[in-house]
2 protein chains.
Amino acid sequence: MYKDKRRAIPLLPISTVMGLTNLTARQIRYYEEHHLIEPLRPDGNRRLYSLNNIDELLEIQELLEQGINIAGIKIVFSLKKEANSKMYKGRRLQDINFRKMIEEELEQS
Amino acid sequence: MYKDKRRAIPLLPISTVMGLTNLTARQIRYYEEHHLIEPLRPDGNRRLYSLNNIDELLEIQELLEQGINIAGIKIVFSLKKEANSKMYKGRRLQDINFRKMIEEELEQS
DNA sequence: TAGCTATGTTATAAAATCTAACATTTTGTT
DNA sequence: AACAAAATGTTAGATTTTATAACATAGCTA
């Protein structure tokens with residue numbers, strides 16, 4: 001989150017995403033339809049995904065396997081975003097314990 | 001070279017490569033034809049490029065701008081490969097001064 | 001049982017990519 | 001200068017991917 005903006009660059013076509021996640025195109029588009037991910041839609045209607053999108057998809061996959069439905073995942077995601085922005089508010093980067101933050105997120109799920 | 005096999009994974013379609021390098025499809029395929037890069041050719045005849053391929057293309061671009069032709073670049077590349085394998089021969093990873101190696105390569109070109 | 005959720009399947013259209021040929025420009029050589 | 005080779009542009013036609021959208025279905029859940 002704090003390093004590597006490169007992970008946010010939309011580079012990958014859906015076929016590559018399918019290969020990296022073992023999701024079907026239908027699933028990937030369905031999650032987009034429900035605003036869990038937001039690939040880039042350039043010019044000709046095509047979708048381009050970032051490495052962050054891959055991470056998000058893998059997490060969706062995991063949460064679904066745990067029996068959480070799309071609505072639940074939506075909440076999980078928004079809680080995470082909120083947590084992140086709280087972390088940043090008025091704090092210096094060096095003062096943030098990212099390791100702890102990640103561990104907490106991991107055990108919470 | 002010593003870390004991140006991920007950089008070697010073929011993920012990117014040619015359109016993305018064009019965007020990342022400002023090369024035309026014609027140029028990219030031409031360099032492949034001359035064995036300067038070797039994208040993956042899966043199933044349906046499509047090409048998939050890795051991040052390493054991007055680096056190679058950027059270097060080709062730079063060397064061409066310096067007036068070196070394809071034949072020259074081919075030699076540069078093979079010298080590098082040779083240098084790399086020499087580096088590894090009978091050495092422990094920790095004993096290799098990669099920073100020095102990179103700097104030498106940079107100033108030599 | 002009836003409805004909703006997540007996904008599959010299919011048809012059709014639009015883009016992207018591929019190959020291959022020919023054209024153009026630049027550069028090096030005689 | 002003339003010619004050959006190198007690097008890239010351009011175009012056409014075929015193939016492959018991707019997109020949209022509709023309908024189908026299995027598994028839950030009220």
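**Two chains about an axis, with DNA strand D**

Of the residues of chain B, Leu12(B) lies closest to the rotation axis, its C-alpha at 2.9 Å. The contact residues of chain B recur in chain A at a rate of 100%, so the same surface serves both copies. Residues are in contact if their C-beta atoms, placed from the backbone, lie within 7 Å.

The model is predicted; local features need pLDDT of at least 70, side-chain atom pairs count only at pLDDT 80 or more, and totals for chains, interfaces and linings use all residues. Residues are numbered from 1 along each chain as its sequence is written, while chains are lettered from A and ligands numbered from 1 in the order in which they are written.

A turn of 180° with a shift of 0.0 Å along the axis lays chain B on chain A, with an RMSD of 0.1 Å. This is the relation of a two-fold axis. The copies were superposed by least squares on the C-alpha atoms of residues with pLDDT of at least 70 in both. Four residues from chain B and four residues from chain A make the contact. The side of chain B that touches chain A has three nonpolar residues, one polar residue and no charged residues. In this classification, Ala, Val, Leu, Ile, Met, Phe, Trp, Tyr, Cys and Pro are nonpolar, Asp, Glu, Lys and Arg are charged, and the others, Gly among them, are polar.

Chain A has five helices and zero strands. From the N terminus on, its elements run α-α-α-α-α. Helices (H or I, at least four residues) and strands (E, at least two) are DSSP runs, numbered from the N terminus. Buried residues make up 15% of the 109 residues in chain A. A residue is buried with 20 or more other C-beta atoms within 10 Å of its own, exposed with 12 or fewer, and partly exposed in between; C-beta atoms are placed from the backbone. Of the contacts in chain A with a separation of 6 or more, 62% join residues 24 or more positions apart.

The largest nonpolar core has 24 residues. Such a core is a set of buried Ala, Val, Leu, Ile, Met, Phe, Trp, Tyr and Cys residues joined through C-beta atoms within 7 Å. Those with the most contacts inside the core are Leu12, Tyr31 and Leu57 of chain A and of chain B. Helices H2 (25-33) and H3 (51-65) of both chains each give two or more residues to this core. Beyond neighbours within four places in sequence, Leu12(A) is in contact with Val17(A), Leu48(A), Tyr49(A), Leu11(B) and Leu12(B).

Around DNA strand D there are 18 residues, of which Pro13(A), Ser15(A), Arg47(A), Gly44(B) and Asn69(B) come nearest. A residue is near the strand if its C-beta atom, placed from the backbone, lies within 6 Å of it. H2(B) gives the largest share of this surface, three residues. By class, the surface has six nonpolar, seven polar and five charged residues.

Asn22(B) sits in the loop between H1 (14-21) and H2 of chain B. Asn22(B) counts as exposed because it has 10 C-beta neighbours inside 10 Å.

The mean pLDDT of chain A is 82, and 73% of its residues reach 70 or more. This score is the predictor's confidence in each residue, from 0 to 100. Among the elements of chain A, H2(A) has the highest mean pLDDT (98) and helix H5 (residues 98-108) the lowest (45). Where pLDDT is low, the predicted coordinates should not be read in detail.

Key: Two residues are in contact if their C-beta atoms, placed from the backbone, lie within 7 Å.
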